[in-house]
Amino acid sequence: MRILVTGGAGFIGANFIIYWLKNHPDDEIVNFDKLTYAGNLENLATVDKNPKYRFIQGDICAVNEVTSAMQGVDTVVHFAAESHVDRSILEAAPFVMTNVVGTQVLLDAALKAKVKRFHHVSTDEVFGALSLKTKSKFNEATPYDPRSPYSASKAGSDHLVRAYYHTFGLPITITNCSNNYGPYQFPEKLIPLAITNILEGKKVPIYGDGKYVRDWLYVDDHCEAIERVLQNGKVGETYCVGGVTEDINNLDIIKLILKIMNKDESSIEYVTDRPGHDRRYAVDWSKINRELGWKPKNDFNTWLTQTVHWYQENENWWKRVKSGAYKTYYEKQYKNAV
Ligand code: NAD
Ligand code: DAU
């Protein structure tokens, strides 16, 4: 099998490539990535000498680049995206360009190349927000109700992927998953931002009252879910993927991280809330569990502790990421706090 992975230099894409080459050593991977601020080839240092792995720098919006990368490919796993909600609030245009237009360019090229599978990696954020007062969860039948430019652009991409299945018969599958965490996550997202700020002796910014709830999925569990869908998922189907079974809010997560790191709670700092902040996400992953036998391998505490240790042991990686352009972003995003 030759898999074209888009966005493979980012957080989940890199973890997926490492996971796939370890578990499927005979398959070939072509990593197609523009190397935006979020793309980092250091994430792939453990596989870049593997003869089954090849990197192509390119933009999914560029028809010629995508057409040439698609040659000889039988499976596409599409991660490439602008992925950070706060950045979509600062500037929405790159989100529409990459997430919507880029996905459409990729779909056209995949159709022409007659790929056997186009797997689209999407998010639970397309379903909108749940209330803290209910125990309800998102599932595959939940109507779309995106509320940020990021989630609206991902919803647009999901609709296009399904349209290419219904209109042209492109063999697609989609996963809508919850918040990932683990090694190589860009420290603009809550968990790596908190761990690395604590390691640097800085404050941890908590938006609003901190009582926002996300469903947390360890990145390797996510990679395994995609593997199951590629191997046994039904063409045309969507699978929701989530992690935790009980609600845990942002404040409690930060307290847990501080406890794992033997620190007190004085580094917590409440900052201005995110506009349009979705209150709660929770994912019902019973379909992928029932049909494909997938479930998370460990509980949240175990994976979170392992994640904290990874950042403690890989200071060089995150210190390089946090230097340069990251500083400008951080000052702009947290200007009322720092
Ligand atoms: P990321 O921001 O860490 O990485 C995105 C990657 O895409 C980067 O390597 C970047 O260089 C590349 N990229 C961006 N624009 C591109 C373009 N125009 N052409 C080619 N490459 C481009 O993102 P992530 O957290 O790894 O997320 C991967 C996918 O999973 C995204 O589609 C995201 O919407 C989805 N997702 C992420 C999460 C999460 O918690 N991180 C949860 C649900 C879904
Ligand atoms: O639900 C899946 C989505 O999860 C993915 O589709 C996105 O790509 C991914 O970025 C993530 O979106 P969130 O907005 O939920 O993730 P983030 O890490 O930015 O924020 C998690 C929660 O923490 C959210 O309620 C906002 C809050 N937060 C975040 C940051 C960065 C803070 O309180 N302080 C912060 O500094």
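Biologist: What makes strand β8 and strand β11 (residues 268–271) a pair?

Modeller: In this predicted model, four bridges link β8 to β11, and the two run in the parallel sense. Two strands pair if there are at least two bridges between them, and β8 and β11 have four, so they qualify. If you'd like one spot to look at, V204 stands opposite I268 in β11.

Biologist: How do you know whether the faces of β8 (residues 204–207) are covered or not?

Modeller: Look at the side chains on each side. V204 and I206 are on one side, P205 and Y207 are on the other, and all of them are buried. Both faces of β8 are therefore covered, with buried meaning under 20% relative accessible area.

Biologist: Why is I254 called buried or exposed, whichever it is?

Modeller: I254 is in helix α8 (residues 250–260). The relative accessible area of I254 is 0%. The cut-off for buried is under 20%, so I254 is buried.

Biologist: Which residues is I254 in contact with, leaving aside its neighbours within four places in sequence?

Modeller: L190, A194, V204, I206 and I268. You've just met V204 and I206 in β8, and I268 is the one opposite V204 in β11. I254 and I206 are 48 residues apart along the chain, while their C-alpha atoms are separated by 8.7 Å. A contact needs heavy atoms within 4.5 Å, so don't mix that limit up with the C-alpha figure.

Biologist: Let's try another part of the chain. What makes β1 (residues 2–6) and β4 a pair?

Modeller: Four bridges join β1 to β4, and the strands run parallel. With at least two needed, four is enough, so they pair. One match is L4, whose bridge partner in β4 is V76.

Biologist: What is the story with the strands β4 and β5 (residues 117–123)?

Modeller: They pair too, in the parallel sense, over four bridges. Here T75 has R117 in β5 as its bridge partner. Then β5 pairs with β6 in the parallel sense as well, over six bridges, and V121 stands opposite T175 in β6.

Biologist: Why is β6 (residues 172–177) called mostly covered?

Modeller: Six of its six residues are buried. I172, I174 and N176 point one way, and T173, T175 and C177 point the other way. Strand β4 (residues 75–78) is built along similar lines: T75 and V77 point one way, V76 and H78 the other, and all are buried. In a regular strand, side chains alternate between the two faces of the sheet.

Biologist: Now some loops. What makes phi of K114 worth a second look?

Modeller: Phi of K114 is near 55°, which is positive in a residue other than glycine. Most residues other than glycine have a negative phi. K114 is found in the loop between α4 (93–112) and β5. The relative accessibility of K114 is 71%, and exposed means over 50%, so K114 counts as exposed.

Biologist: And Y184: buried or exposed?

Modeller: Y184 has a positive phi too, near 70°, and is placed in the loop between β7 (179–181) and α6 (190–199). But the relative accessibility of Y184 is 15%, under the 20% limit, so Y184 counts as buried.

Biologist: How do you know whether H24 is buried?

Modeller: H24 is in the loop between α1 (11–23) and β2 (28–33). Its relative accessible area is 15%, again under 20%, so H24 is buried. Not counting residues up to four places away in sequence, H24 touches E227 and Q231. H24 and M1 are 23 residues apart in sequence and 9.4 Å apart in space, C-alpha to C-alpha.

Biologist: Last one, for the protein chain overall: how does its radius of gyration fit with a compact globule?

Modeller: With 338 residues, a compact globule would be near 20 Å, and the chain has 19 Å, so the two agree. Buried residues make up 55% of the chain. Among contacts with a separation of 6 or more, 83% involve residues 24 or more positions apart. The chain has 12 helices and 11 strands, and its C-alpha atoms fill a box of roughly 55 × 45 × 35 Å.

How values were computed. Residues numbered from 1 in each chain as written. Chains lettered and ligands numbered in written order. Predicted model: local features only at pLDDT ≥ 70, side-chain atom pairs only at ≥ 80, totals over all residues. Heavy atoms only, no water. Buried < 20%, exposed > 50% of the residue type's maximum accessible area, 1.4 Å probe, protein only. Rg over C-alpha atoms; globule rule 2.2 N^0.38 Å.
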